[in-house]
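User: Please take a close look at one part of this model, the place where the two chains touch. Then add any unusual backbone spots.

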Amino acid sequence: MSNQNFTGSKSLLRSLEHEGVEVIFGVPGGAILPAYDPLLDSPIRHVLARHEQGAGHMAEGYAMATGRVGVTWATSGPGATNLITPLQNAMMDSTPLVAITGQVASTAIGSDAFQEAYTTGLAMHCTKHAYLVKDADDIPDIVHEAFHLAATGRPGPVLIDIPKDVLNQETSWRKPTLAGLPGYRPTYEGHPKQIKAAFEMIEAAERPVLYVGGGVIAAGASEELLKFAEQMNIPVTTTLMARGAFPDNHPLALGMPGMHGVYAATTAIQRCDTLIAVGARFDDRVTGKVSAFAPEAKIVHVDVDPAEIGKIHKPDVPVVGDAKAVLESLNERARKLRSEKAAPERRYWFGLIGGWKKNKPLHYDQLEEGPVKVQHFIERLHALTKGNAIVTAGVGQHQMWASQFWGFSRPRSWINSGGLGTMGFALPAAVGAKAAHPDETVIALDGDGCFQMTCQEMITAAVEDIPVKIVVFNNGGFGMVKQWQNLFYGGRLSASEMPIEVPDYPALAEAMGCVGLRVTHPSDVDVAIEKALSIDDRPVLIEVVVDPEEMCFPMVPAGGSNDDVITGPEDLP
Amino acid sequence: MKHTISVVVEDKPGVLARVSAMFSNRGFNIHSLAVGPTHIEGRSRITLVCDAPELEQLQKQLHKLVNVIKVHEFDSSTAVVSEVMLARVACDPGSRGAANDTGALFGARVVDLSEDSITFEVAGDPDLLQAFIDHMTPFGIVDLVKSGRIAMKKQSNMRPAAVSGMSR
């Protein structure tokens, strides 16, 4: 179709509609302006964020809650640079994202024009791929390729930079193709030989443990994982990015391993004879000191990204493939075998694990007179919502406690910044998740330090009618920073404390169009939660004034061996 | 350890930047780099010599770049490796004859001449170029530039020395 007024902008909107986009999170500005005009006539919803970083995290929250590609756009220069954090965040956590940025006119590129930045260059290290569109006729193919790249193989962010004159260029739209990607061929099916070798190693194991990462959620492989774990009778650890991939109330669930992981999960990996890593990348927060990680184990490593295999730890059996496809193949073998013989009982192994669970459980003391402990609040929130919510988190102590104490039952109900550790992620990610699932309860669990980084997105939530719940655990500072200073810097607190009274969070919430509540005493907890859950027409913030001295345990000091878990303050010298 | 790697890429803007950025990003050093089009329209070849303790991770990271089509490591025994060098050697009319004779031994071509220098173009495998440098050093090398190594997989069993002898 071609007509006189059909421009690059219209082609862009048409392409986004063709990809099934239902919402764009963005902020307008000069160079992206042409794209905002046809947006008025498009069925695509636009959520106007109050900062491009917020827009980017919203798109990530949307993507993580749905598995679909999240879309954000911004203008050139500062709009684009503000998107860099979300792009890197999505890169680290393999979140499918398409970011579109306006660029100064082609003729002005390289002239240090107003609001010019070398966006594709800046994005080079924090995207799976970045396009600079030079001709509006290429828009349909480039958008289609970008969505394909973002969603397939190991998902990730893709950027499309479009100069303003290209957005205004007269063009036509045609059905796009993928002809332009000769070098991109992700491997989904595991090699049969490797699958056979992996299965034989797993079947022969006496003390196996599954080390499940975010790849299982990305691949939508939770059901296959459950089947495999049950057929083989193997305990399951779920990393920070995989919380929810396996139900926490399942007898085989051990929870999160690693630096702040559950003792039984961390220790099961240390003592296992066969470690089955699926969609996990041996992150330093999981492994601790790599040379001391899982020292007795033979390792099977399944990942869709061949570069992850052998990057940190050389596996005995590498399997390049998608978690779902590979687990299906393993399940097929397991099914055949089980018709001949029952799964091993592993009495000795489960005996050991049971002992660790019993003797070194997660624990905290909630005194009746207060102060409120974050862990207690999270457990009450879980109880009163029956766990029926999507939970997002920022980064730090509250994030670890949320991961530890929220019993997850389904994938995509836990949304956090795992790899990059981006403070300020919780609120905008919750807005994105709620935009995707308006009928679900979406709760941002945040710390006061994190919250102050993106709190203006409360306005977005209020104005755009996206009624999320926000919990700000206020311990008057950067809790995890303070914890490290207390443990490793002789208690010299440097720039980690902030006045607990400023800002007045409920007042801030009210000023931004939300409902503001405050909890200072354990007896207020249930009342506040029930009130927050009863309000559905506006976002609600609960400030929970919590114990500023509480430290997050278990803990393996950075670079230490996972054999040396500090399970609580009682273990400190 | 030094490796010679060929990377066939789509000839698209920013490809070289991505490839070289990946090296610095992952902490690998590039020693030499040669880029040019192949006989196939839209495809270029980047030939790199780099320092890496092991190549597997590097190759995988290269493959992750969307515009990278093929990655191949050359083994010196199964590849023809070549490089072009321009070398300006100091010499007065008295020593010019000796410098010229030495150059001739390497099949070097004189491409420029002045009162106090003679400039050679010499092409061949890296060992030949190094030997040329070693023999010219006593005269005094004033300036030197190398094109970067290029390579191609061999289809025969001929030793490189035998082949280069044949070509002269």
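Analyst: The chain contact comes first, then the backbone.

This is a predicted model, in which local features need pLDDT of at least 70, side-chain atom pairs count only at pLDDT 80 or more, and totals for chains, interfaces and linings use all residues. Residues are numbered from 1 along each chain as its sequence is written, while chains are lettered from A and ligands numbered from 1 in the order in which they are written.

Start with the contact. 16 residues of chain B touch 15 residues of chain A; contact means C-beta atoms, placed from the backbone, within 7 Å. On the chain B side, helix H1 (15–25), helix H2 (55–64) and strand S4 (68–74) each give two or more residues. Helices (H or I, at least four residues) and strands (E, at least two) are DSSP runs, numbered from the N terminus. H2(B) supplies the largest share, 5 residues.

Now the backbone of chain A. Val502(A) to Pro503(A) is a cis peptide bond, omega near 0 degrees. Pro503(A) sits in the loop between helix H21 (479–488) and helix H22 (505–511). Phe553(A) and Pro554(A) are also joined by a cis bond, with omega about -5 degrees. Pro554(A) falls in the segment after strand S18 (540–545).

Next, positive phi. Gln115(A), not a glycine, has phi near 55 degrees. Its loop runs between strand S4 (97–103) and helix H6 (119–123) of chain A. Asn233(A) likewise has a positive phi, near 55 degrees. Asn233(A) lies in the loop between helix H11 (222–232) and strand S8 (236–238).

Key. Two residues are in contact if their C-beta atoms, placed from the backbone, lie within 7 Å.
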